[in-house]
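Here are a few notes to read with the model open beside you. Please take the points in order and look up each place as it is named.

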Amino acid sequence: MSLWGPLNVPDDYTQPFTDYQRWRLLVNDGGRHTWHYLKTEEEVKSWPQNEVDRFWLGLKTTMPDLPTPTTPLEAARNGYKYYKELQSHDGHWAGEYGGPMFLLPGLVIGSYVTGMGFEEHERLEFIRYLMNRAHPDDGGWGIHVEGHSTVFGTGLNYTALRLLGVSKDHPVCVRARATLHKLGGCTSIPAWGKFWLSILNCYDWEGNNPVPPELWTLPDWIPFHPHRWWIHVRNVYIPMSYLYGVKFQAEENDLILSLREELYPEDYYSIHWPSHRNNVNVVDLYAPHSKLYDGLAAILGVYEQCTIPPLRRAGLKRAYELICMEDDNTAYQTLGPVSKMFNLIARFHAEGKGSESWKMHRIKRQDFMWMGAEGMMMCGTNGSQLWDIGFITQALVETGLAEEEEFKPSLVKALEWLDQAQIRKNPMHYEAAYRHTTKGAWGFSTTEQGYTVSDCTGEGLKASMYLQFDVDYTEHLISPQRMYNAVDVMLSLQNPNGGFASYELIRGPAWLEKLNPAEVFGNIMIEYCYPECTTSVITSLAIFRRHFPDYRKADVDCAIKKAIKYLHKAQTPEGGWVGSWGICFTYATQFALESLSLVGETYETSEYARKACQFLLSHQREDGGWGESYKSCESSSWIEHKDSQVVQTCWAVMSLMYAKYPYAEPIEKGVKLVMSRQRPDGSWPQEAIEGVFNKTCAIAYPNFKFSFPIWMLGKAHHYLHYLRGKNTAPEVGYLKKTSGVNGNGVAKLNGHANGHSNGLANGNEKVNGTANGNGKVNGNGNMNGYD
């Protein structure tokens, strides 16, 4: 059968199109995830399915039902009994990172136009995923799995189904096409959709606003030079500019000719393409063009009619150099899935099918393809490996579960993975590719992908310190010098206002946001400071200076002081913090209150903390839970989800505990809700999507439904005992002695040193509930003795 020929696709897509007993997840090379389909009985016998395979495929696992928990700690313990069985052999937790619905069409279109096929079982499960994710009301698709139908989602995913071999007469295609035509067809598809369809030769290049590669020939000092753009935008528009410059398009064939008829209610050949450059359907539009952008686009449109050949060639040459450097720096993983497929097409155009770059992109393409219960998707990166392991390891240490014998081997393996996940050097093409330093950083996924991320470095270092200094059975795999390197990276990322952005310093002026061309995303043109990134760095630095009080002491203290000031200013008038990477206020406020607590700001001592607690409590529901819609991120205002959410409830309850909120009732109610949703085997069901990016696009963090309930319930068990006064101190396993620097004989609670010196925002120092350390002792004993 042809790699791209028609397939006989069943009408019933609720059942797998392939034999799920034959799928296996291969984990190797520092955390790479690739799914494989075993074709022979011999292969099946030699590579048996394990719990990780079964769980992510939605098959019944062999994990047994556990005794019904009677306390939050027992529920947390049950949760980890289940979750540790999902740990990969190398120590990390694999997982889906899906949700956006514009990624899989790019994978399909990019592969189609470069002659890079898929196996039939992959095509079938791509098809099934798209069918399962069609909107139940109208059969279209949105920008993400929970969104309303849009032209962007419907046009691209319909196209993907047809390329994958689904007949235009299949009921799913008939229904989706009707929705697309009702919306007016693909003339009003947003800019990225116009671009993908132009590559496929189903939309004319004249209908695109210009993306000239000549921009890359401008002097670096110019304030709007593309190297000053946010890295995800920059890395997408580098190959886009190359492909626009050469006007790449697939050769016509019968399918492409048919798609030209199917994607538009009007005659394709009668469309006046230039008049649709700024035609974006109202159901898609989030960030309208500014007058500045439209004016520049008009000027560039004139230039495009009379380009200067030597200048165009110079732009193409420079853009292609940057594409090749990105492939080299990331071993062809690239920063993300959109840039990856654009890079592939550019390399194919320049070097041809079968070239070394084409072969490497085909190999690493597999890392983005994730098999799940509803079919095969494309993930938002090559995984979220570091992000997931960071939270669960901290959870186990802070709850005391790390001290239980049956869990110790799991934590030893986790530290081994964190050790190899730290990036040890700068990228191959460092300054030439406009990269920030990476030596000492942790990235979001793997060292191979190799991008510094501020909060991932913070969480990676924090988890590593917990596992090396707060338990006594692990080797010290990560040397002090490597921890210093991580601190150096974090300090290099602080912006003048005290905040931390994601991958780099803010390089461009704020007015560059007026050049946002994407229409469907907000705040994308430059880096921005984020409360979540800032707080991950604060917590990591605050814990680091307990163990290494002399390393860059003045710099660390100053960084924390400036970051706290930023955090104060970033608090909304209502009392929360707006989340940019998770949904939304519950997410960011949890991080913020943890950071404030580490510098002595709690419900008792800080108006910021009190205001945040009151804000959260105003949104607690009758059932004890919290529930925010992803639409909160779009509007930067609280919008209720129709249901309470376990993960968001955990974030809210943890916020209250970090702030040392003195009343038990709201915490008890949140705990009760989370325990009531736990299954007999210790797991929790998947609820609404957890993450977000660029204001509008939700993305999944399914491992959060383990790490945060385990974390919250374990902490709440001890915290509620403390509030009730049932014990003079938290239980064994939670109260520990530490022999680390500044910690001889000092009681340690919840993974945080009790009695540490906390540099407040005003530069003073305060010791909470103990006379150990230098500075002022707060001796009222009310809440400050609990950490």
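1. In this predicted model, S258 has its place in helix α10, the helix that covers residues 254–262. It may help to find that helix before reading on.

2. Is S258 buried or exposed? Its relative accessible area is 16%, and because buried means under 20%, S258 counts as buried. When the neighbours within four places in sequence are left aside, the residues in contact with S258 are R162 and K168.

3. On the wider scale, the protein is divided into three parts, and the division is written in sequence segments: domain 1 takes 65–90 + 571–727, domain 2 takes 93–97 + 383–513 + 524–566, and domain 3 takes 102–210 + 248–309 + 351–378.

4. How far apart are the centres of domain 2 and domain 3? Taken over C-alpha atoms, these centres are separated by 36 Å. To the contact between the two, domain 2 brings 5 residues and domain 3 brings 4 residues.

5. Between domain 2 and domain 3 an area of about 420 Å² is buried, and carbon and sulfur atoms give 59% of that area.

6. Across the interface of domain 2 and domain 3 there is 1 salt bridge. On the side of domain 2 that touches domain 3, the residues fall by class into 2 nonpolar, 1 polar and 2 charged. The count of residue pairs in polar contact between domain 2 and domain 3, with both residues at pLDDT 80 or more, is 1.

7. Finally, please look at E448 and K364, which form a salt bridge in which the closest N and O atoms are 3.0 Å apart.

Methods:
Residues are numbered from 1 along each chain as its sequence is written. This is a predicted model: local features need pLDDT of at least 70, side-chain atom pairs count only at pLDDT 80 or more; totals for chains, interfaces and linings use all residues. Side-chain values use heavy atoms; hydrogens and water are left out. Domain bounds come from an automatic or database domain assignment. Contact means heavy atoms within 4.5 Å. Buried area is the accessible area (1.4 Å probe) that two parts lose on being put together, summed over both. A salt bridge is a side-chain nitrogen of Lys or Arg within 4 Å of a carboxyl oxygen of Asp or Glu. A polar contact is a pair of N or O atoms within 3.5 Å; within protein, one must be able to donate a hydrogen and the other to accept it, and residues adjacent in sequence count only if both atoms are side-chain atoms. Ala, Val, Leu, Ile, Met, Phe, Trp, Tyr, Cys and Pro count as nonpolar, Asp, Glu, Lys and Arg as charged, and the others, Gly among them, as polar. Helices (H or I, at least four residues) and strands (E, at least two) are DSSP runs, numbered from the N terminus. Buried means under 20% relative accessible area, exposed over 50%, partly exposed in between (1.4 Å probe, protein chains only).
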